[in-house]
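Hi everyone, and thanks for making time for this. I'd like to walk you through a structure that is new to most of us, so please have a look at it with me.

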Amino acid sequence: MPLDLPSRPRRNRKSAAVRAFVREADLAPSRLVLPLFIREEEGTQAIATMPGVSRLGPDAVEAEVEGALAEGITTVILFPLVPEARKTKRAEEALDPDGLVPRTIRRLKGRWPDLVICTDVALDPYSSDGHDGLVDADGRILNDETVEVLCDQALMQAEAGADIVAPSDMMDGRIGAIRDALDAAGHTGVSILAYTAKYASAFYGPFRDALDSAPRAGDKKTYQMDPANAREALRELGLDEAEGADLVMVKPAGPYLDVIRLVREATALPVAAYQVSGEYAMLRFAAQHGALDERRAVLEALLGIRRAGADMILTYYARAAARWLTERPA
Ligand code: PBG
């Protein structure tokens, strides 16, 4: 005798076709943004804490972008490795119109005008203090002085051809100030992707290895958000929206799915999430040691971020995921 059940949810799971038919969240290569670590010298250099990710010289960057485009990825974000000798207290290198970032933008845009290029607006790769903002003699991070420099940095990136500038510094008021600076210079078409809820996270460790950008003293807790706080993300969201952000971001992604959901429900703007270097390292090292099936675990982690409400995901797995998504299902 069959059980007399009011409903049988398993009916919607009975075959691959039925499961695909009722699936709620999806992933596609066009949703993925590929972060690129760029360097001056030709060739590539492995990053020990991020196996499979390298710092790329100019030719290698082009090869990487060519591959990513062929796999359906449309958007990249650039992070420069600045030699120690050129890092300064006031991070002047961040403003050089002939610096590594603007040169890379011009080169990539020259070859692929439709490639969407995002740039990081923050001083840490260029700062001898390893902070996102300017540091005073007492070790304090200066807000308003930093915002002025960030406006010049964003402007320089826009002039070089960046499509989207992404302030990751968490200074107060920078979205509005950058919007005004861009508009005043005629760059009304350049978008701002605000790192709206960026947490003071342990999961940025491998990224700081990649760029040699760890704070030389102190930590980032006076500007990045406290991992205990979710409501505060809504306060940042309100400000970023009012100041003119075009897209907003939550970062990291996996440990902050509740924040992604909260932000998703509170805004009509596109919401991005950044699966950061430490999240990549966790998956990658576990897979390398046979603890996880990498493909299944990565796609599950990314799908979870989508299900939580992210429209787009920045991930070091962008290329691998794009390939896995377009292959026949395993
Ligand atoms: C800094 C910046 C960081 C990341 C992106 N931009 C690190 C930090 O705030 O220290 C981290 C990304 C990652 O871990 O993958 N402006």
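Let's begin with the aromatic side chains. F37, F79, Y195, F207, Y274, Y280, Y316, Y317 and W324 form one aromatic cluster. Before I go further, please keep in mind that this is a predicted model. How many aromatic pairs are there in the structure? The count comes to 11.

Let me pick out two of those pairs, both involving Y316. In one of them, the ring centres of Y274 and Y316 are 6.1 Å apart and the planes meet at 40 degrees, so we call this pair tilted. Where do the two partners sit? Y274 belongs to strand 11, residues 271-275, while Y316 is in the loop between strand 12 (312-315) and helix 11 (318-326), so the pair ties together parts that are 42 residues apart in sequence. And are they buried or exposed? Y274 and Y316 are both buried.

Now for the other pair. Y280 and Y316 have ring centres 6.0 Å apart, and with planes at 65 degrees the pair counts as edge-to-face, because anything over 60 degrees falls in that class. Y280 comes from helix 9 (residues 277-288) and Y316 from that loop between strand 12 and helix 11, so here the parts tied together are 36 residues apart in sequence. Y280 is buried, as is Y316.

Next, two lysines that lie over rings. K251 is over the face of F207, at 6.0 Å from the ring centre, and F207 is one of the cluster members I listed at the start. K198 lies over the face of Y204, with 5.4 Å to the ring centre.

Those four residues bring us to the empty spaces inside. The structure holds three cavities of 30 Å³ or more, and the largest has about 120 Å³ of space. Which residues lie nearest its centre? Of the 17 that line the largest cavity, they are D124, K198, Y204, F207 and K251. Strand 9 (191-198) and helix 6 (205-211) are the elements that give two or more residues to this lining. By type, the lining of the largest cavity divides into seven nonpolar, three polar and seven charged residues.

The second largest cavity has a volume of about 70 Å³. It is lined by 14 residues, with E93, G99, L100, V101 and Y126 closest to its centre. Helix 3, residues 100-111, gives the largest share of this lining, three residues. Here the lining of the second largest cavity splits into nine nonpolar, one polar and four charged residues.

That's my tour, and I'm happy to take questions!

Note on methods:
Residues numbered from 1 in each chain as written. Predicted model: local features only at pLDDT ≥ 70, side-chain atom pairs only at ≥ 80, totals over all residues. Heavy atoms only, no water. Phe/Tyr/Trp six-rings, centres within 6.5 Å; stacked < 30°, edge-to-face > 60°. Helix = DSSP H or I, 4+ residues; strand = E, 2+ residues; numbered from the N terminus. Buried < 20%, exposed > 50% of the residue type's maximum accessible area, 1.4 Å probe, protein only. Lys NZ or Arg CZ within 6 Å of the ring centre and 35° of its normal. 1 Å grid on protein atoms, 1.4 Å probe; cavity = no way out; pocket = protein on both sides within 12 Å on 5 of 7 lines; lining within 4 Å. Points joined across faces, edges and corners; volume = space filled by probe spheres on them. Nonpolar A, V, L, I, M, F, W, Y, C, P; charged D, E, K, R; others polar.
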